[in-house]
Amino acid sequence: MRLIQNMATIAECAAPENSQPNRAIKIAVIGGSGVGKTALVVRFLTRRFIGDYERNAGNLYSREVQVDGDQVTIQVQDTPGVEMSDNGIRLPDHVTCSINWADAVVLVYSVTDRCSFDLISQLHQLVVRAGGANMPPVILLANKADLIHLRRVDSQQGVVLAETLSCSFYEVSASEDYSQVHEAFHRVCCQLARQPQPTSNSSSAVAEKKRSPLIPRPKSPNMQDLKRRFKQALSAKVRTVTSV
């Protein structure tokens, strides 16, 4: 199954035997609880949408693809939801490790949840501190744009926030429009693929920064967990809905 429909620049491919390891593009998806992070990751990797997911403990998905003609491995780290407490944001250790590991970060909020929007500036500060001079590219993704009657964050507010943070902005609906989700992830994948790979002298330092024992090593390609989720949802007759 192809990853991208009507898009020739990214396509699923099989790695030839005895080939050199592909370049890895590592993307961390971070945001509040219930904003649809898992739905966005699954939508990007499979074009499918299921309206109900078990609580995410932090899964890493990997897929062999071609980006602008070059074979690469895209790894997408789905993270547990960040929540607000009386003492500020409560950040799971797994999220901090994911920020340090990632080549790019996707910050997600739901247009139906004002609190998830208010979290974004603080999460962006964490990315800035973790990246330092080598801060990874960041895109801002507003999900659930189809739920007009439940909207709590205007589109213009997302645009203004993205300009303030100097990052790209996309307002999408994981449930209704695959092309919107694809465009957001596709842009950051192409941006990273065009960057030169680290030289052998500097790669060890980069590898040390990116290494984390808390992030699981994925199978490549790792779609078994997605298939299991699909089977569970179908067997339970989960009805596809617009809310995730």
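# Chatting through a predicted fold

Modeller: Let's start with a hairpin in this predicted model: β3 and β4 form it, with two residues between them. Asp 68 sits in the turn and has a positive phi of about 50°.

Colleague: Nice! In which sense do β3 and β4 pair, and over how many bridges?

Modeller: The pairing is antiparallel and runs over eight bridges. To find one of them, look at Gln 66, whose bridge partner in β4 is Gln 71.

Colleague: Is β3 largely enclosed or open?

Modeller: Largely enclosed by the rest of the structure, because seven of the eight residues of β3 are buried.

Colleague: Let's zoom out. How many helices and strands does the chain have?

Modeller: Eight helices and nine strands. The chain has 244 residues, and buried ones make up 49% of them. Its accessible surface comes to about 12300 Å², and 48% of that belongs to carbon and sulfur atoms.

Colleague: What share of the contacts between residues at least 6 apart in sequence join residues at least 24 apart?

Modeller: That share is 77%.

Colleague: On to the inside. How many residues does the largest nonpolar core have?

Modeller: It has 32 residues, and those with the most contacts inside it are Ile 74, Val 106, Leu 141 and Phe 185. Several elements give two or more residues to this core, including β2 (23-31), β7 (104-110), β8 (138-143) and α6 (178-194). The largest share comes from α6, with eight residues.

Colleague: Why would such side chains sit together at all?

Modeller: As a general tendency, nonpolar side chains in soluble globular proteins are buried together.

Colleague: Back to Phe 185. Which residues is it in contact with, leaving aside neighbours within four places in sequence?

Modeller: Phe 185 is in contact with Ile 27, Val 29, Leu 40, Phe 44, Val 106 and Leu 141. Apart from this core lies another, of 26 residues, and among them are Ala 28, Leu 60, Val 82 and Val 95.

Colleague: Phe 44 caught my eye. How many aromatic pairs are there?

Modeller: There are two aromatic pairs. In one of them, Phe 44 and Phe 185 are stacked, at 4.6 Å centre to centre with 15° between the planes. This pair links distant parts of the chain, since Phe 44 is in helix α1 and Phe 185 is in helix α6, 141 residues apart. Both Phe 44 and Phe 185 are buried.

Colleague: And how are the rings of Tyr 109 and Phe 117 arranged?

Modeller: Their planes are at 75°, so the pair is edge-to-face, and the ring centres are 4.9 Å apart. Tyr 109 is buried, with a relative accessible area of 0%, and Phe 117 is buried too, at 9%.

Colleague: New topic: how many disulfides turn up?

Modeller: Zero, in a search of the whole structure. As for cysteines, Cys 97 has a relative accessible area of 17%, so it counts as buried. Cys 167 is likewise buried, at 13%.

Colleague: Last one. What is notable about phi at Arg 47?

Modeller: Arg 47 has a positive phi of about 70° although it is not a glycine. It lies in the loop between α1 (37-46) and β3 (60-67), and is partly exposed at 26% relative accessible area.

Colleague: What about Ser 166, buried or exposed?

Modeller: Ser 166 counts as exposed, because its relative accessibility is 68%. Its phi is also positive, near 60°, and it lies in the loop between α5 (155-165) and β9 (168-171).

Methods
Residues numbered from 1 in each chain as written. Predicted model: local features only at pLDDT ≥ 70, side-chain atom pairs only at ≥ 80, totals over all residues. Heavy atoms only, no water. Helix = DSSP H or I, 4+ residues; strand = E, 2+ residues; numbered from the N terminus. Buried < 20%, exposed > 50% of the residue type's maximum accessible area, 1.4 Å probe, protein only. Contact = heavy atoms within 4.5 Å. Areas by Shrake-Rupley, 256 points an atom, 1.4 Å probe, with all protein chains shown as cover. Core = buried A, V, L, I, M, F, W, Y, C linked by side-chain atoms within 4.5 Å. Disulfide = S-S within 2.5 Å. Pairing = 2+ DSSP bridges. Phe/Tyr/Trp six-rings, centres within 6.5 Å; stacked < 30°, edge-to-face > 60°.
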